[in-house]
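Good morning, and thank you for making time for this item. Please bring the sequence and the model up on your screens before I begin.

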Amino acid sequence: MTTFAMPSSLIPPAQMLTAASRPARTPAGLVGDTPILWVGEPFAATGRGFWAKLEGHNPGGIKDRTALHMVRAARERGDLKPGARIVESTSGTLGLGLALAGVVHGHPVTVVTDPGIEPLMCGLLTAYGAGIDLVQRPHESGGWQQARRMRVEELLAAHPDAWCPDQYHNPDNVAAYRPLAHELIAQMGRIDTLVVSVGTGGHSAGIASVLRDLFPRLKVVGVDTTGSTIFGQPAAPRLMRGLGSSIYPRNVAYDLFDEVHWIAAPEAVWAARQLARCLYASGGWSVGAVALVSRWLAATAPAEERIVAVFPDGPQRYTGTVFNDDYCRRHGLLTPTAPVGPQEIAHAGERTVTSWTRCTTVTDPLAAPDDEPARPADDATGLTGVER
């Protein structure tokens with residue numbers, strides 16, 4: 001039987017508008033309501049898979065949400081004066097979000113970064129009117145991350161009216177992601193497992209805290225990178241950007257996590273490239289790492305388990321790294337076969353991990369044992385490790 005589509009002239013106007021996005025009067029209106037996509041075979045095992053929240057559909061990525069929220073909150077409190085400069089250290093997507101917030105609210109933005117930033121990211125930041133302050137050498141003990149934070153302090157001293165969001169320790173960073181959790185609830189109805197990358201701790205804490213209130217049995221899986229100190233591993237050189245840290249961000253809600261996985265750079269590259277080829281939906285280091293863990297969870301959990309992964313950005317900024325064969329060969333990142341699964345450790349201090357490893361005991365590395373005082377950080381920033 002042949003069927004014919006109804007001519008658009010006969011479709012009721014109300015029905016024509018049901019799938020349309022609301023018009024945006026400012027660029028801030030383009031942020032949020034991102035799509036969610038089923039990731040099944042051939043990336044995942046036959047009959048298994050997970051749902052991916054595609055935050056790369058925001059203008060700059062997931063951190064558009066927190067940049068706008070932190071700036072709005074600071075303006076409302078009077079911490080950020082009209083027209084004052086915004087200064088922040090970032091190696092990634094937050095810079096784009098702050099550039100967006102600067103355009104929306106009328107603030108000049110200075111992004112402090114290091115030579116590891118991708119040329120494409122520098123070009124985008126410049127195009128959007130942000131100034132780039134590039135530190136020239138790493139701190140002797142604190143690496144690039146500490147060098148950037150020290151430069152921020154210098155700029156704040158030189159511009160007394162300037163404001164720094166301090167994304168690692170700012171609770172507004174967490175609050176910014178509650179709307180994302182509400183979007184997931186509306187899109188999915190029920191969520192059994194949430195898989196999130198961890199860097200500043202903002203989106204993992206903001207999303208998981210809302211979902212756990214609604215779904216008390218929710219399983220929260222954190223994804224970190226090898227060489228990151230966040231979950232108690234020693235600091236080591238890290239190639240991946242966007243997840244992991246050499247400091248202990250106070251926004252990380254350790255009590256919400258049921259387990260953590262550390263992923264190495266070649267493993268994240270394999271997953272990101274496979275996603276791009278199989279699904280035409282991919283991203284960078286964080287997306288590859290989160291997808292790899294979600295793929296394994298989907299294969300090992302009961303078939304009815306509803307797993308949701310948050311993909312923080314898209315692939316565009318990684319054309320010179322993750323998706324560049326020469327770059328990947330230089331750094332030994334091209335893995336011909338799929339990573340099989342994680343090794344297991346009982347606690348983060350058991351040994352130093354260098355490849356995909358899972359731990360189901362998650363504790364705050366700075367939390368004091370009952371009979372010991374809290375271990376102090378090396379300085380006020382919480383820096384205890386080296387990021388090179």
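In what order do the eight strands of the open sheet lie? The order is β1-β2-β9-β6-β7-β8-β11-β10, and the pairing is mixed. At the edges stand β1 and β10, the latter covering residues 343-345, and each of these two pairs on one side only. From one strand to the next, the twist averages 25 degrees. I should state at once that this is a predicted model.

Let me stay for a moment with the edge strand β10. Its partner is β11, residues 357-359, and the two run in the parallel sense over three bridges. Within this pair, Glu344 is found opposite Arg358 of β11.

I turn now to the helix that packs on the sheet, namely α9. Its contacts there are with β1, β8 and β9, and its direction makes about 100 degrees with that of β1. The helix spans residues 265-279, that is, 15 residues. From first C-alpha to last it reaches 21 Å, close to the 21 Å expected at 1.5 Å a residue.

Which residues of α9 are buried? They are Ala265, Glu267, Ala268, Val269, Trp270, Ala271, Ala272, Arg273 and Leu275. The list thus includes the charged residues Glu267 and Arg273 along with Trp270. The cover over these buried positions includes the strands β1 (36-39), β8 (259-263) and β9 (307-311). It also includes two helices, α10 (285-300) and α11 (325-330). Just after α9 comes Tyr280, which takes a positive phi of about 60 degrees.

A further position for your attention is Pro179, located in helix α7, residues 178-188. Is Pro179 buried, partly exposed or exposed? It counts as partly exposed, because its relative accessibility is 43%, between the limits of 20% and 50%. Its C-alpha atom is separated by 9.3 Å from that of Val210, although the two residues are 31 apart along the chain.

Finally, the chain as a whole. Its secondary structure comes to eleven helices and eleven strands. Of its 388 residues, 53% are buried. Taking contacts between residues at least 6 apart in sequence, 70% join residues at least 24 apart. The accessible surface comes to about 17,600 Å², and carbon and sulfur atoms account for 54% of that area.

That concludes my presentation, and I welcome discussion.

Terms used: Residues are numbered from 1 along each chain as its sequence is written. This is a predicted model: local features need pLDDT of at least 70, side-chain atom pairs count only at pLDDT 80 or more; totals for chains, interfaces and linings use all residues. Side-chain values use heavy atoms; hydrogens and water are left out. Helices (H or I, at least four residues) and strands (E, at least two) are DSSP runs, numbered from the N terminus. The expected span of a helix is 1.5 Å times one less than its number of residues. Buried means under 20% relative accessible area, exposed over 50%, partly exposed in between (1.4 Å probe, protein chains only). Contact means heavy atoms within 4.5 Å. Accessible areas come from the Shrake-Rupley method with a 1.4 Å probe; for residues, only the protein chains shown count as cover. Two strands pair if DSSP finds at least two bridges between them. Axes are lines fitted to C-alpha atoms, for helices over the stretch in contact, and angles run from 0 to 180 degrees between N-to-C directions.
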